[in-house]
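Trainee: I should like to go through the reasoning behind the terms applied to this model. May I ask for the grounds of each one?

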Amino acid sequence: MKKYCLLFFFIGLISTTFGQRIDVALLNKYNVSWDEPGPTSYQSMPIGNGDIGLNVWTEANGDISFYISKTDAWGEEVKDRGDWMKQGGVLMKLGLVRISVVNNHFKKGDYFRQILKLHESELLITEGTGNNAIDFKIWVDANNPVIRIEQASGYPVSLKVTLDNWRTNGEGDTVLNKSNCIQWYHHNSEKADSALRNIVFGATIDGRGLVKTDKSTLQSSHASVNQVISIYPLTQNVNTPDNWISTNDQQVINLNKTNTETARKAHYKWWDDFWNRSWIFIEGDSIATKTTEGYLLQRYVTACSGRGAYPVKFNGSIFNVDNPDYNGRDKNQPLTPMNADFREWGGQYWFQNTRPMYWPRLQAGDFDIMLPLFKMYANMIKANEPLVRKYYDHAGSYFAETSPFWGGLLYMGPEVKENWTGHYFTPVLELSMMAFDYFEYTQDTAFAKNILLPIASNGILFFDKHFGRDSSGKLLLDPDNSIEMFWKVHNPAPDIAGLHAVLSRLIALPGSLINEQQRKEWIRFQNELPPLPVGTKEGAQVLLPYTGPQIIKSHNAENPELYAIYPFRLYGLGKPDLELAKNTFAIRKFKEKGCWFQDPVQAAMLGLAETAKDYITFNLTRKAPGLKFPAFWDVGADYLPDEDNGGNGENGLQQMLLQTDGKKIMILPAWPKEWNANFKLNAPYKTTIEGKVRNGKLEEIKVIPEYRRQDVIINE
């Protein structure tokens with residue numbers, strides 16, 4: 001039987017000296033290293049600076065190829081690839097670049113090494129040995145929009161740089177004929193959605209000593225033992241491509257003035273600071289090392305793609321690749337090869353699929369990576385408010401489960417035929433919970449005023465005004481989807497749980513953020529909320545997905561009743577009715593692993609260590625069979641590399657080590673005794689917890705600031 005122990009009974013555990021900085025040698029053990037060339041994008045490594053990403057692979061002849069991607073490179077909708085490709089735009093690659101050594105001595109069987117160095121976020125490629133060795137270093141500047149490819153060799157070599165752009169045949173791409181550089185851009189057509197119409201994206205490639213041989217090719221003017229190639233991507237929303245060209249030209253001039261060594265040191269510092277925000281290293285059984293690898297690499301991939309203009313796309317992030325084996329999920333259909341612009345489920349953001357990458361950013365301390373998510377949805381709330389007023393003649397706002405980055409809503413009155421996501425209003429409540437957590441962790445009052453309150457207050461106002469009351473004066477959510485599982489039901493559990501959770505946190509905000517009239521309105525609405533639906537199943541009392549007879553047809557593989565455990569956290573360790581929550585989880589209908597299924601997180605929050613471990617190790621080791629990078633996850637129900645899978649794995653692993661409830665910090669709430677750990681994680685109120693676990697016991701702990709020790713509970 002596990003017991004909770006107050007930290008001050010374990011003062012002997014406190015250490016003021018261990019840790020403080022990540023063990024770089026330990027992190028280096030998880031560098032990704034290959035000793036065979038590609039030969040295709042399926043065998044690529046990801047690298048990026050949060051906005052610009054590369055998929056890098058080496059071909060059999062020694063050529064280095066990479067796709068360039070960017071978080072805001074939105075092309076227009078594709079009209080002929082099924083419903084999921086028709087809306088939201090297409091997050092395109094900027095292009096494919098190939099670097100060849102004209103006088104390369106490399107041949108099959110020669111020494112080859114490709115290494116992704118996590119701590120420095122740089123990719124090293126070595127071809128050959130001794131005087132015949134050629135080394136490449138590839139990095140995407142963490143602080144500037146530029147890609148650097150540095151070559152060093154034992155003999156003078158001549159480089160050739162080629163742009164392979166497959167969209168120049170009437171698909172909006174133009175390669176300019178400029179001297180001694182390659183410059184190209186994509187411009188969406190006038191037929192595109194107004195939000196996409198003026199987007200122009202592309203890049204310029206140059207390098208000292210590189211001369212033009214044709215408009216898509218540069219080559220060294222003379223052989224050299226050291227050469228640097230630079231690429232300058234840019235996206236703009238402008239009236240004409242001429243505006244983009246002049247801005248990109250100035251970008252090149254400005255960045256060429258930057259001292260590369262100074263920029264490199266700043267790049268290293270950014271990544272060193274990133275890795276020192278938090279870490280988890282596990283030892284123990286055979287799966288511990290692979291689970292650690294999955295956790296570290298997923299966090300790295302998210303950092304490479306999460307600081308741009310828009311949130312991480314669940315269906316491939318910016319690291320989707322060519323898919324020669326695509327058959328549209330129907331194994332009976334012939335293969336239809338897709339290029340790297342394609343991603344199943346298209347360009348829209350699906351909130352259920354987007355959230356998994358963002359919940360674990362809190363304990364990881366990656367608060368900067370969360371901001372694009374909050375900003376995009378806050379803009380949607382503002383944009384959708386007039387539509388709510390137009391459609392329903394009342395105040396408030398929400399965002400749809402599936403939405404392009406610019407927002408928008410369809411009319412979904414009670415008479416509209418039921419469907420997957422139409423009468424589905426839960427996402428604004430979950431995002432509000434995440435925003436409250438962000439505020440608790442960071443204590444950023446500007447964020448609370450400008451992001452949290454507009455999202456949460458407008459979402460609550462929508463529910464208050466949109467739905468009526470029953471004969472007892474309680475809120476009547478009808479018709480309302482119980483997520484995608486049950487359509488147009490009565491009082492769905494996820495929305496009731498979300499309303500209870502969000503209103504309690506709004507009411508608790510200090511007077512410096514809200515006024516007393518707001519507080520009174522929220523207390524009034526809170527008193528009108530119905531209770532969560534409860535019933536009996538298999539002889540046990542359980543939470544139900546909606547109120548009334550459980551006869552509504554199901555449409556997905558979800559357990560809506562478990563939203564009261566996570567993400568809305570009305571039930572859990574140290575809270576009332578834990579057995580009710582455990583019964584509900586044990587008797588849940590769907591127990592799938594991987595992808596967007598939330599079971600690993602919910603299991604950890606209920607203290608079910610072995611179940612959580614089973615799910616989390618699955619998530620953090622399920623590499624896609626055809627892809628080589630260890631954290632390019634299998635397709636699941638999404639598209640490869642599936643970001644949901646890794647995000648839920650991260651979140652679950654963190655919750656096994658540390659959970660918070662208000663100011664209370666629970667350590668080892670669901671930790672298997674066969675695993676040892678070295679960890680540093682973040683907690684609310686600008687707190688960090690660093691610890692070492694051996695044989696199920698916490699051997700060392702460091703709490704910063706020290707006064708937060710009084711809030712720590714150890715579960716052993």
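Mentor: The discussion that follows takes up sheets, helices and single residues in turn, and the model is a predicted one.

Trainee: Let us begin with the sheet that contains β2 and β12. What makes β2 and β12 its edge strands?

Mentor: The sheet is open and has 9 strands in the order β2-β7-β8-β9-β10-β17-β14-β13-β12, with antiparallel pairing. β2 (32–34) and β12 (173–176) each pair on one side only, and these are the edge strands. Neighbouring strands of this sheet are turned by 15° against each other on average, direction ignored.

Trainee: How do you know that β10 and β17 pair?

Mentor: Pairing requires at least two bridges, and 7 join strand β10 (residues 147–157) to β17, so the criterion is met. The two strands run antiparallel. Gln151, for instance, has Gln227 in β17 as its bridge partner.

Trainee: Which helices accompany these strands?

Mentor: Helix α3 (residues 260–275) packs on the sheet, where it touches β8 (122–127), β9 (134–140) and β10. The direction of α3 makes about 65° with that of β9. Helix α2 (residues 241–256) lies across β10, β12, β13 (182–187), β14 (199–206) and β17, and runs at about 140° to β17.

Trainee: Why is Thr235 called buried?

Mentor: Thr235 has a relative accessible area of 15%. The term applies under 20%, so Thr235 is buried. Thr235 belongs to strand β17 (residues 224–237).

Trainee: What makes the approach of Thr235 to Asp72 a polar contact?

Mentor: The side chains of Thr235 and Asp72 come to 2.9 Å, which is within the 3.5 Å limit for such a pair. Leaving aside neighbours within four places in sequence, Thr235 is in contact with residues including Lys70, Asp72, Ile199, Phe201 and Trp244.

Trainee: Leu116 lies in strand β7 (residues 112–117). Is Leu116 buried or exposed?

Mentor: Leu116 has a relative accessible area of 0%, and since the limit is 20%, Leu116 is buried. Among the residues that Leu116 touches, those up to four places away in sequence not being counted, are Val32, Met45, Ile47, Tyr300 and Phe629. The C-alpha atoms of Leu116 and Ser33 are separated by 6.5 Å, although the two residues are 83 residues apart along the chain.

Trainee: Why is strand β6 described as largely enclosed?

Mentor: Strand β6 (residues 90–101) has 12 residues, of which 11 are buried, so the rest of the structure largely encloses it.

Trainee: How many bridges support the pairing of β6 with β5 and with β11?

Mentor: Strand β5 (residues 64–75) and β6 share 8 bridges in the antiparallel sense, and Trp74 stands opposite Leu91 in β6. β6 and strand β11 (residues 159–164) share 6 bridges, again antiparallel, with Ser100 having Lys160 in β11 as its bridge partner. The requirement is at least two bridges, so β6 pairs with β5 and with β11.

Trainee: What makes the sheet that contains β18 an open one with named edges?

Mentor: Its 4 strands follow the order β18-β29-β30-β31 in an open sheet with antiparallel pairing. β18 (279–283) and β31 (697–704) each pair on one side only, and these are the edge strands. The twist averages 15° from one strand to the next. β18 is joined by 5 bridges to strand β29 (residues 676–683), and Ile282 has Ala677 in β29 as its bridge partner.

Trainee: How do you know that the length of helix α4 agrees with its number of residues?

Mentor: Helix α4 (residues 286–305) has 20 residues, which should span 28 Å at 1.5 Å a residue. The end C-alpha atoms of α4 are 30 Å apart, so the two values agree. α4 is also mostly covered, with 16 of its 20 residues buried.

Trainee: Where does helix α7 bend?

Mentor: Helix α7 (residues 367–392) bends by about 35° at Asn384, and a proline, Pro386, follows within four residues. The 26 residues of α7 reach 36 Å from first C-alpha to last, close to the expected 38 Å. Asp393 follows α7 and has a positive phi, near 60°.

Trainee: Finally, why does Arg505 count as buried?

Mentor: The relative accessibility of Arg505 is 15%, and the limit is 20%, so Arg505 counts as buried. Arg505 has its place in helix α10 (residues 493–507). Not counting residues up to four places away in sequence, Arg505 touches Met433, Phe436, Asp437, Glu440 and Arg569.

Terms used:
Residues numbered from 1 in each chain as written. Predicted model: local features only at pLDDT ≥ 70, side-chain atom pairs only at ≥ 80, totals over all residues. Heavy atoms only, no water. Buried < 20%, exposed > 50% of the residue type's maximum accessible area, 1.4 Å probe, protein only. Polar contact = N/O pair within 3.5 Å; in protein donor to acceptor, adjacent residues only side chain to side chain. Contact = heavy atoms within 4.5 Å. Axes fitted to C-alpha atoms, helices over the stretch in contact; angles between N-to-C directions. Expected span 1.5 Å × (residues − 1). Bend = angle between axes of the 7 residues up to and from the residue.
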